[in-house]
Amino acid sequence: MCGIVAYIGFRPALHILLDGLKRLEYRGYDSSGVSLLSDGKIKTAKAVGKIKELEKKMETEQMEGFLGICHTRWATHGEPSEINAHPHLSANGKIAVVHNGIIENYAILKKKLQAEGVKFASDTDTEVVAHWIAKFYKGNLGKAVLEALKHVEGTFGLAVICEDEPDVLVGARRGSPLILGVGENESFLASDVSAIVGHTKKIVYLEDNDVITIGKNHFEIKNIKDIKDKYVNREIQEVDADLQTAQKGDYPHFMLKEIFEQPEALKNCTRGRLLLADGNAKLAGLDNSLRELRTIDRIIITACGTSYYAAMVGEYLIEEWAGIPVEVEYASEFRYRNPIIGSNTLVFTISQSGETADTLAALKEAQNKGATVLSICNVVGSTIARASNGGVYLHAGPEIGVASTKAFNAQVTVLALVALLLGRQRRLSSVQGMEIAQAINSLPSAVEETLKLSDEILKIAEVYYKHSNFLYLGRHYHYPVAMEGALKLKEISYIHAEGYPAAEMKHGPIALIDANMPVVIVAPKDALFDKIVSNAREIKARGGKLIVVTTSDSAPLDEFVEHIIRVPTVNSALMPVITSVPLQLLAYHIAVLRGNDIDQPRNLAKSVTVE
């Protein structure tokens, strides 16, 4: 969600800070702000709206310095406004703080401070932190932050500066990502590596309850929970990140770029993992768990949003190929329902960013109950990846657009690899395994063929982009695809859309069908094709407008369907990777025609790092 960038070094800080914020815009925000130590004083500017509004303000501000913090805010406590935007200052104006997360006991702390005469300027929980740090400040900012946070409950990623210490930048994290970038005579602090990868690839991932005190060329870390107040070691790692891949290039939007990157993304997430001659998969992140995988008798997959729908496809794949019972749980509900986890239960968590707060909480709950937790993430070094007992990286490359596209299909593909591995341990013969491995290997070229339909899908979008409601239907493997297609449309076009299992249509949703209700049906030629054709006829009989995603061998639909999108045929269990692509393109083209902000849709954030 919110974004943090901070800098201390020898270069003018403002350009570095604002450039970093722009690289975090994809996370979602409603306001922004910056504080610089300039001429011995902290100077602050804030603005509501896009970062360009902040830049306009900066044109009239004389702010120059080599130490600064900045922030993009996604409102939690208090409405979007300049007053509530970060940074927040202590009462004497000498300490400035930016914060990601939620302070759960802020009301208690605020009441104590008000009793001591502290006046508050905003409605935020973050301002409490600024005043609370000032309460403990006695000439050492790092120590003040450490002591103050011992009284704070909740989640935080913090960056803090003080007028009286021009060579010190302090950061802290609990439950919200924060990384240190190590340069030559300069240091960076950020909530996302993409903000600083253009300056350094040497990274330190902070752990929960770390408080880091940073200079231009040194840093030291202590942990809030360590009663002995000892320094702790954190390894400097080299990240393999390419700034170019996080730029749009010739595409008008990141979302379209990422849709068209899917063939390459799928190649990357299967490269070196498909054993075509053996009909098997090799997943290095699961090597330590291979023996345990043979003994499991139940799998729980927990995820949120798009990752949840990918998990549903994974459920069908694992049950069909490996014969292991699978349950898919919303991570946001998992830890609140006292889940039953047996000794032979394996838990998978799925998160593109690896920072999703609810999924991380589900992971910890599963581990507390004794489960082995394996994760599927896209971001190397993310919190979920590091907290898991093992797992698989997607290697899909950065996904900047808020509406996930290539990550969804990469997740489904990795789940297919997991299902193949488990299946070969149990019930799949080598011949069956080879057929499946070849089918997985064919996915990039099939997706590439499907992308050629973009212009055709644009013409369909031109017919329906002014409609207010859509219904999406699918059966078996394509029920989650229908759900994901509806989600994509909601996310970026702001059109109300619902995804349903096609057989459930007659149990309520059919009442919505009329001439103003476009219905998108995912209906490749498979074992259930005749049944879903019957659903389509029922919709047509009630005046509904049909858009059907199908394959070339589906002639009966030609008689009565308005719009048919024909995609290549692959193994029926893997068809979701193909059928999801036209739904991504349909949502994209409709949103563009409606004039919406494609990559930063309203009210949404790329990484949901607060509950």
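**View 1. Gln584, a buried residue of the predicted model.** With a relative accessible area of 2%, Gln584 counts as buried, because the term applies to residues under 20% relative accessible area. The structure shown here and in the other views is a predicted model. Gln584 has its place in helix α19, which is formed by residues 575-593. Leaving aside residues up to four places away in sequence, Gln584 touches Met255, Ile259, Gln262, Thr405 and Asn409. Thr405 is also the residue whose backbone oxygen is reached by the side chain of Gln584, at 3.4 Å.

**View 2. The open sheet on which helix α19 packs.** Five strands form this open sheet in the order β24-β23-β25-β26-β27, and their pairing is parallel. The edges are taken by β24 (496-501) and β27 (563-567), each of which pairs on one side only. On average, and with direction ignored, neighbouring strands of this sheet are turned by 15° against each other.

**View 3. Strands β23 and β25, with helices α17 and α19.** Strand β23 (residues 469-474) and strand β25 (residues 518-522) run parallel and are joined by four bridges. Within this pair, Leu471 stands opposite Val519, a residue of β25. Helix α19 packs on the sheet, where it touches β23, β25, β26 (545-551) and β27, and its direction makes about 135° with that of β27. Helix α17 (residues 478-493) lies across β23, β24 and β25, and runs at about 175° to β24.

**View 4. The open sheet that runs from β19 to β22.** This open sheet has five strands in the order β19-β18-β20-β21-β22, with parallel pairing. Its edge strands, β19 (326-330) and β22 (390-393), each pair on one side only. From one strand to the next, the twist averages 20°.

**View 5. Strands β21 and β22 and their bridges.** Strand β21, made up of residues 372-377, runs parallel to β22 and is joined to β22 by four bridges. For Ser375, the bridge partner in β22 is Gly391.

**View 6. Helices α11 and α13 across the strands.** Helix α11 (residues 357-368) lies across β18 (298-303), β20 (345-351) and β21, and its course makes about 165° with β20. Helix α13 (residues 406-426) lies across β18, β20, β21 and β22, running at about 160° to β20. Asn409, one of the residues that Gln584 touches, can be looked for in this view, since the stretch 406-426 belongs to helix α13.

Methods: Residues numbered from 1 in each chain as written. Predicted model: local features only at pLDDT ≥ 70, side-chain atom pairs only at ≥ 80, totals over all residues. Heavy atoms only, no water. Pairing = 2+ DSSP bridges. Helix = DSSP H or I, 4+ residues; strand = E, 2+ residues; numbered from the N terminus. Axes fitted to C-alpha atoms, helices over the stretch in contact; angles between N-to-C directions. Contact = heavy atoms within 4.5 Å. Buried < 20%, exposed > 50% of the residue type's maximum accessible area, 1.4 Å probe, protein only. Polar contact = N/O pair within 3.5 Å; in protein donor to acceptor, adjacent residues only side chain to side chain.
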